Amino acid sequence: MPEAFIIDAVRTPVGRRDGGLAAAHPADLGGHVIKALLARTQADPLGVDDVVFGCVDTVGPQAGDIARTAWLAAGLPEAVPGVTVDRQCGSSQQAVHFAAQAVLSGTADLVIAGGVQNMSMIPIAAAMSPPYPDPFSGSAGWRARYGAEEISQFRAADLIADKWGIGRAEMERYALASHHRAIAAIDGGAFEAEIVPYGDVTQDEGPRRDTTLEKMAALAPLRPGGTITAALASQISDGAAALLIASSHGIREHGLRPRARIAHLSARGDDPVLMLTAPIAATAHALRRAGMALSDLDLIEINEAFASVVLAWQRETGADLARVNVCGGAIALGHPLGATGARLLTTLLGSLERTGGRYGMLTMCEGGGQANVTIIERI
């Protein structure tokens, strides 16, 4: 049977809002990781069949097919095409899925997959903010099905906390642990092999060394009457990541050495009003399809969009949090929307190699009530 392999994976540091990457053009951020990936693998750029990149809010400098623009901005051959994917927060994870599916189908041998987002330059939800209408209220079909309910990730995070009985103090303890894990990973050099510095930015800017439970408790909720605060949410961030996906034939032809095999990929949907619960159903679906149990997974990454998302998923799956987000998550490290899936896969791969683990899984919640799942096997 055809198989798809990860040859290598790289990422920029994740810049905090208005931080060291804020002025970087998205095409240059994307081009930076593409060039670094090709340099590390010594793959022939003309051997690349396609470039698939995730990006959200594709307006202004992120418009016009950023996958293609990033490739060209990197000075690479015009013969290689690119396509941009929007599955909201899971965009670059879906980009990896599309790349792997192209390889598995036999229609491609080498595909670069990844994503880029500069949220300092292009604010979150810019594509659905004035002068543009929102995607929901003008649709008669949407109104007939879901009424006029507020569609908001912040409301959804609060609804999840209420539904699963997750208190603010529990979420704050989880968030603090995310910062501690991220700081330990940075100080221990866990990210050094995966990060390609951008200018003077050499490490992730998000983790807060001075964060305490007392400081978190003093923050006001993001919504009146809610429990979610800024400390319990992923950080607005800038960054890019890229992976080289190859077939067995591509590996032989180009003399490449794989780091992992893509063992499973899938996506599922759930309630778009609750929006952020789909990783629960998607995890169960993926394990069923893969013929695996949660105990078969050595490490798991689930995107920390909000603390309530991870804790609700943990309640339903019974996952051991000691094996989840071992280097911290988006609460500490940040969440450059279109790049996060590829960033998490890059980190998951490195974590498996450092710990000697065999299988790792990534899942993340996405706008519209969706979730992707990728299972990789370290080689």
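This report walks through the overall build, the empty spaces, the salt bridges and one buried threonine of a predicted model.

**Overall build**

Let's start with the whole chain. The protein has twelve helices and ten strands. Its radius of gyration is 19 Å, close to the 21 Å from the globule rule for 379 residues, so the protein is as compact as a globular protein of that length. Laid along the principal axes, the C-alpha atoms fill a box of roughly 60 × 50 × 45 Å. As for burial, 57% of the 379 residues count as buried. Contacts are heavily long-range in sequence terms: take those with a separation of 6 or more, and 81% of them join residues 24 or more positions apart.

**Pockets and a cavity**

Now for the empty space. Rolling a probe the size of a water molecule over the atoms shows where such space is left. Here are the volumes and the lining classes side by side.

| Space | Volume | Nonpolar lining residues | Polar lining residues | Charged lining residues |
|---|---|---|---|---|
| Largest pocket | about 1,200 Å³ | 26 | twelve | eight |
| Second largest pocket | about 200 Å³ | seven | two | two |
| Largest cavity | about 30 Å³ | seven | one | none |

The largest pocket holds about 1,200 Å³ of space. It has 46 lining residues, and those closest to its centre are Ile 124, Gln 153, Phe 154, Phe 306 and Leu 337. Two helices, α5 (153-163) and α7 (213-217), each put at least two residues into the lining of this pocket. If you're setting up a picture of the wall, the mix is 26 nonpolar, twelve polar and eight charged residues.

The second largest pocket comes in at about 200 Å³. Its lining includes the start of the chain, with Met 1, Pro 2, Glu 3 and Ala 4, and it also takes in Gln 101 and Leu 104 as well as the run Arg 261, Ile 262, Ala 263, His 264 and Leu 265. The elements that give two or more residues to this lining are α3 (91-105) and β7 (260-269). Strand β7 contributes the most, with five residues.

What about enclosed space? Searching the whole structure turns up one cavity of 30 Å³ or more, and its volume is about 30 Å³. The residues around the cavity are Ile 160, Leu 276, Thr 277, Pro 279, Ile 280, Val 309, Ala 312 and Trp 313. Helices α9 (278-290) and α10 (307-317) each supply at least two of the lining residues, with α10 giving the largest share, three residues. No charged residue lines the cavity; by class there are seven nonpolar and one polar.

**Salt bridges**

The count of salt bridges comes to 15. One of them takes us back to the second pocket: Arg 261 pairs with Glu 3, with the closest N and O atoms 3.8 Å apart. Arg 261 sits in strand β7 and Glu 3 in the segment before β1 (5-11), so this pair ties together parts that are 258 residues apart in sequence. Both residues also appear in the lining of the second largest pocket. Glu 3 counts as partly exposed, at 31% relative accessibility. The pair belongs to a network of salt bridges that links Glu 3, Arg 261, Arg 358 and Glu 377.

A second bridge joins the side chains of Arg 259 and Asp 8, at 2.6 Å from N to O. This one spans distant parts of the chain too: Arg 259 is in the loop between α8 (248-254) and β7, while Asp 8 is in strand β1, 251 residues apart. Both Arg 259 and Asp 8 are buried.

The Arg 155 and Glu 149 bridge has its closest N and O atoms 3.1 Å apart. Are its two ends buried or partly exposed? Arg 155 is buried, because its relative accessible area of 17% is under the 20% cut-off. Glu 149, at 40%, is partly exposed.

**A buried threonine**

Last stop: Thr 346, which lies in helix α12 (residues 340-355). With a relative accessible area of 2%, Thr 346 is buried. Which residues does Thr 346 contact, leaving aside its neighbours within four places in sequence? They are Ala 9, Val 10, Arg 11, Glu 194 and Leu 243.

Key:
Residues numbered from 1 in each chain as written. Predicted model: local features only at pLDDT ≥ 70, side-chain atom pairs only at ≥ 80, totals over all residues. Heavy atoms only, no water. 1 Å grid on protein atoms, 1.4 Å probe; cavity = no way out; pocket = protein on both sides within 12 Å on 5 of 7 lines; lining within 4 Å. Points joined across faces, edges and corners; volume = space filled by probe spheres on them. Helix = DSSP H or I, 4+ residues; strand = E, 2+ residues; numbered from the N terminus. Nonpolar A, V, L, I, M, F, W, Y, C, P; charged D, E, K, R; others polar. Salt bridge = Lys/Arg side-chain N within 4 Å of Asp/Glu carboxyl O. Buried < 20%, exposed > 50% of the residue type's maximum accessible area, 1.4 Å probe, protein only. Rg over C-alpha atoms; globule rule 2.2 N^0.38 Å. Contact = heavy atoms within 4.5 Å.
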